[in-house]
Amino acid sequence: MQFQFANQGLAWSDAYFLAQGLLNTVRLAAAATLVGTLAGIVLGWLRTVSMTVRIATAPFIDILRSVPMIIQLILANSLLSILGFGTSPFWFGTVALGAWMSAVTAEVVRASLLSVPVQYRKSARSLGMNGYQELLYISMPLAFRTGLAPWIGLVLSLIKDSALAGVVGYIEYMRSTQILITRTHETWLLLMGAGLFYFLICYPVSRYSRHLERKVRV
Amino acid sequence: MIRISNVQKAFGSVIVLKGIDLTVEKGELVCLIGASGSGKSTLLQCINGLEPIQGGEILVDGISVHDPKTDINKLRSKLGIVFQQYNAFPHLTALENVALAPRVVSKRSRAVARALAQKHLEHVGLGDKGDSLPSQLSGGQQQRLAIARALAMEPSYMLFDEVTSALDPELVGEVLETMRLLKSEGMTMVVVTHDINFARESADRVAFLCQGEVCEIGTAEEVIDNPRKEQTQKFLRRENRKPLEIVRSSVA
């Protein structure tokens with residue numbers, strides 16, 4: 001008696017499966033970028049104005065920046081499960097990737113704000129602007145120009161790191177590719193395809209950033 | 001009126017101002033001269049509260065600048081200041097540079113602020129440069145832009161902190177011309193300068209600062225042409241020497 005597995009080779013229906021994975025990757029990366037960037041901006045700004053915040057948040061930043069993403073994902077998954085947050089793998093991924101993004105963005109924001117020449121801030125204050133007005137109209141626009149390129153680098157990094165979210169059970173693009181490889185053994189074709197699509201996600205981001213940099217250059 | 005009484009200021013252990021007394025009357029142009037490190041610029045930045053002081057008091061129209069209860073942002077709109085490094089905001093056009101503070105500080109509408117900005121740009125001779133970014137302007141134009149920006153807050157006093165020191169020699173004239181224009185319109189001005197000729201011809205009074213104190217004060221004829229104190233005489237001799245002589249003596 002001979003066993004035969006059904007649909008062992010690649011079929012067109014697999015394209016739909018991969019597309020879903022791709023969409024999940026984009027969703028996860030977008031959510032983590034949004035959450036991480038907003039939190040990072042606030043955190044980075046607080047770290048420039050308050051010594052206490054700088055000291056208190058240093059361990060958070062250092063740990064998240066130094067521990068490999070895959071370990072963070074597994075730990076976040078276990079920790080959140082133990083605490084009883086039985087949410088979806090999407091949210092586990094968003095929390096873990098978003099936390100990392102907030103830590104690294106905070107440092108970019110802090111460095112960018114500190115790079116604004118003090119004479120511009122002094123000029124703004126001398127015109128009667130208060131600290132928040134100065135931040136909003138002078139420091140932030142100038143810091144944005146400095147921080148844009150490194151921040152885009154972080155976004156690209158995040159998109160690629162989202163491939164690790166498979167370990168917490170999230171079927172993103174890499175995970176769906178792996179599932180198909182396991183079934184079909186079409187390793188080369190599927191990995192080349194995955195690489196191509198990651199490139200297709202990242203390349204427009206980096207092109208757009210270059211365009212934006214040129215537009216706001218002073 | 002600006003009344004500075006017994007102002008003391010230190011950066012850490014370095015004492016910069018050792019009890020300055022100075023009064024600037026309405027409509028007056030007072031020049032502060034003195035060697036580098038004599039405390040002129042520091043004093044100027046104390047007047048609008050950019051630098052804290054350790055003792056004494058500065059009153060602007062009777063309001064104490066360093067009193068914590070004073071609304072310093074409101075007071076600062078009375079005191080325009082222009083710095084040595086032209087500090088036009090690099091991400092804003094000339095017009096936006098001037099219009100920003102009237103809009104966000106004085107809460108004027110966008111249209112009113114822009115009209116006001118255009119008026120002040122024309123005042124300093126930059127009427128056709130409204131759409132230029134600071135990087136497209138020369139040093140002299142940037143410095144005049146900084147003057148227009150300060151004027152747009154309609155201050156009662158203007159403080160100038162060595163505004164021509166960073167300029168190429170051929171651009172100094174246009175900035176001094178703008179300052180003379182303000183003087184002729186009756187603006188009260190405190191001018192920190194190394195330009196002895198400007199001080200001689202334009203100042204109502206000249207104060208010579210030396211090691212954190214007002215060493216000599218009086219009209220330009222008194223202080224510059226007939227200085228009584230030895231330090232003043234020494235300083236002016238150095239300033240009046242031709243640049244070539246200084247080069248020769250430093251090489252020798």
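Which residue in S10(B) does B:Phe208 stand opposite? In this predicted model, B:Phe208 faces B:Glu216 across the pairing with S10(B).

**The hairpin in chain B**

Strands S9 and S10 of chain B run antiparallel and are joined by five bridges. Two residues sit between these strands in their hairpin, where B:Gln211 takes a positive phi near 50 degrees.

**The sheet around it**

That hairpin belongs to an open sheet of six strands in chain B, ordered S6-S7-S8-S3-S9-S10, with mixed pairing. S6 and S10 of chain B are at the edges with a single partner strand each, so each has one side left without a neighbour in the sheet. On average, and ignoring direction, neighbouring strands here are turned by 20 degrees against each other. Helix H1 of chain B (residues 40-47) packs on this sheet and touches S3, S6, S7, S8 and S9 of chain B; the direction of H1(B) makes about 145 degrees with that of S8(B).

Here are the residue ranges of some of the strands:

| Strand | Residues |
|---|---|
| S3(B) | 29-33 |
| S6(B) | 79-82 |
| S7(B) | 157-161 |
| S8(B) | 188-192 |
| S9(B) | 205-210 |
| S10(B) | 213-218 |

**A helix pair in chain A**

Over in chain A, the axes of H1 (residues 12-49) and H2 (residues 51-66) come within 6 Å and cross at roughly 130 degrees. That angle makes H1(A) oblique to H2(A), and the crossing is left-handed. On the H1(A) side the contact has A:Leu43, A:Leu46 and A:Arg47, which meet A:Val53, A:Arg54 and A:Thr57 of H2(A). By type, the residues of this contact are three nonpolar, one polar and two charged.

Methods:
Residues numbered from 1 in each chain as written. Chains lettered and ligands numbered in written order. Predicted model: local features only at pLDDT ≥ 70, side-chain atom pairs only at ≥ 80, totals over all residues. Axes fitted to C-alpha atoms, helices over the stretch in contact; angles between N-to-C directions. Helix = DSSP H or I, 4+ residues; strand = E, 2+ residues; numbered from the N terminus. Parallel < 35°, antiparallel > 145°, perpendicular 65-115°, else oblique. Left-handed = near helix turned anticlockwise from the far one by under 90°. Contact = placed C-beta atoms within 7 Å. Nonpolar A, V, L, I, M, F, W, Y, C, P; charged D, E, K, R; others polar. Pairing = 2+ DSSP bridges.
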